[in-house]
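Reader: Hey, I have a protein open on my screen and I'm a bit lost. Can we go through it together?
Author: Sure, let's have a look.

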Amino acid sequence: MKGAFITIEGIDGSGKDTLAARIKEYLESKGIEVVLTREPGDAFDGKVRDILMHNRPLPLSEMFLFMADRHEHVERVIRPALEAGKWVISVRFADSSMAYQGARGVDRDLIERLNMEAIGDVFPQLTILLDLPASEAMNRIKGRGNAVEHFEREEFLSKVRGLYLEDAAAHGNRIIVVDATISPDEIFRSVKPYLDKLIDEVAPTEMDISRAEIADAIIRAIDRGMHAFLVYGPWGCGHKHMIRKVIYTLVPSAKDVEDEPYGIYSPDVMVVYGEKPSSIKIDMVRAIGDFLDYRPIEAKYKVVVIDDASFMTLQASNALLKILEEPPEWGIFMLYTSYPERVLSTIRSRCAGVRLDRFSTKQLAVYIEERFSVSREEAETLARLSEGCPDRVEHILQVLDAESILDYIKEDFYKYVPVGQSLVEDNVMWDKLFLEVESLFLQGLMEGKQHITPDDVLMLVEWEGMLKANVQKKLIADLIYWRLKEGIERAHIS
Ligand code: TYD
């Protein structure tokens, strides 16, 4: 199941609904879709709940009714939501039966067994137990019944609390106990780290491609006083996900924004982004100097990102070198490039190198399947074509309609040609184009360099002036690049 399941437990009056609403709000602020629900639920149009609340069933019947209500709740509400990737928060769940029906004298082994039948594999990953003395709970829910009833009720709630705590001790890794006498704000604050941990765990696809362990290593290096990093990896390797993780750790107040190359805004973050070679000019690098002149506003550090660092002109590179030679104590530099050998060696030597490898086709296929909602078969094809580089996938999908992708991507590149030909002018000489690109590759390989990039091929295609529109040019250039590179590398190895 793709979503996550959180339950909130506690005796009456412990503040479960308030906390549930806060958690929902927080998760939604992280872009997570949340279903907030409760037990007893609405099974059979609420008829089960009506009986429970108004007909005073005997303890055992009561337990069966709660179980029936729970089973319906799980299968009709919770499971479908989780399978759709949503998060579910339920106010009360299986632990309520363990505590309440247990306190009513029903055998707790029986309750546990029936719970397992009722919920199947829909287990909460996190349960928050709001713990409150029964006397305090009674104060909060005042005015119910007469004095004797009041006394009985307090005694009962006290038993329920005891059983809850017993279960929490036995399931310490799932159930966290929170003191419910503190304020709602404080309660939420103590719960938040557990939510953040769950967010990390449940979004393994995100985590996988954000390379958390590498981001952590960078943070540790910064703690030891290192300030400049040259992150490099093949085009589309997903470097932004990792660098974003570093930025959010260094500048926690940074905000998600659209329409920015890194999707991040903070007065303490500066992203210098170049689209093509030589597009990062000296004035852009001078602006970095100005940016670093002042202390950070919100964080301990100011982070400068340069992407792609090989797109700096020589003048720009030299200006950056000056800044790197005497950086302010708060300056952190995250340079990224797909072509490290094109970055000035004096800059390279001032940076700690961080290499990002390709993901395996298998890992990437799992990510693609989830992220782009395509079939496993399509995901595997896309993973192979993108050579373990997640950001190429988006590019391919942008160009091709995801639904028809298999029509385009076949085992042999030459099968693209009939498709490609409808995109290009009649006089395209494919063979000539291939030969040109191939010789470019071979030349690079013979010189022992990896200089050939998709952009080189694009330039060649542009130079040949054969393709109709920009998008098509890029597509064709990329397809040629990937296919030939793969073929030539394989031939070279064998
Ligand atoms: P409700 O009015 O929803 O109270 P609360 O706000 O405390 O959740 O009523 C739920 C009652 O049902 C509550 O007293 C606990 C009880 N209950 C059980 O005894 N067993 C269960 O399995 C569940 C889910 C609830």
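**Chatting through the model**

Author: Let's start with the ligand: 13 residues surround it, and the closest are Arg38, Arg70, Arg92, Ser97 and Gln101. A residue counts as near a molecule or strand if one of its heavy atoms lies within 4 Å of it.

Reader: Okay, and what kind of model is this?
Author: This is a predicted model, where local features need pLDDT of at least 70, side-chain atom pairs count only at pLDDT 80 or more, and totals for chains, interfaces and linings use all residues. Residues are numbered from 1 along each chain as its sequence is written, and side-chain values use heavy atoms, with hydrogens and water left out.

Reader: Back to the ligand. Which helix gives the most to the shell around it?
Author: That's helix 4, with four residues. Helix 3 (59-83) and helix 4 (94-103) each supply at least two residues of that shell. Helices (H or I, at least four residues) and strands (E, at least two) are DSSP runs, numbered from the N terminus.

Reader: How far is an oxygen atom of the ligand from an N or O atom in the side chain of Arg92?
Author: The distance is 2.6 Å. A nitrogen atom of the ligand lies 2.7 Å from an N or O atom in the Gln101 side chain, and for Asp12 a ligand oxygen is 3.2 Å from a side-chain N or O atom. The protein covers 80% of the 540 Å² of accessible area that the ligand has on its own. Accessible areas come from the Shrake-Rupley method with a 1.4 Å probe; for residues, only the protein chains shown count as cover.

Reader: Cool. Switching to sheets: in what order do the strands of the one with strand 1 come?
Author: Five strands form an open sheet in the order 2-3-1-4-5, with parallel pairing. Two strands pair if DSSP finds at least two bridges between them. At the edges are strand 2 (34-38) and strand 5 (175-179), each pairing on one side only.

Reader: And how many bridges link strand 1 and strand 3?
Author: Four bridges, in the parallel sense, between residues 5-10 of strand 1 and residues 87-91 of strand 3. For Thr7, the bridge partner in strand 3 is Ser90.

Reader: What about the sheet with strand 9, what's its order?
Author: That open sheet has five strands in the order 9-10-11-6-12, and the pairing is parallel. Its edge strands are strand 9 (269-273) and strand 12 (352-355), each of which pairs on one side only. Strand 10 (residues 302-307) and strand 11 (residues 331-337) run parallel and are joined by six bridges. Ile306 has Leu335 as its bridge partner in strand 11.

Reader: New topic. Is the peptide bond from Glu39 to Pro40 cis or trans?
Author: Cis, with omega near -5°. Pro40 is in the loop between strand 2 and helix 2 (43-54). Another cis peptide bond joins Asp307 and Asp308, where omega is about 0°. Asp308 lies in the loop between strand 10 and helix 13 (314-325).

Reader: Why point those out?
Author: Because most peptide bonds are trans, and most residues other than glycine have a negative phi.

Reader: So is the phi of Phe44 positive or negative?
Author: Positive, about 50°, although Phe44 is not a glycine. Phe44 is found in helix 2.

Note on methods:
A polar contact is a pair of N or O atoms within 3.5 Å; within protein, one must be able to donate a hydrogen and the other to accept it, and residues adjacent in sequence count only if both atoms are side-chain atoms.
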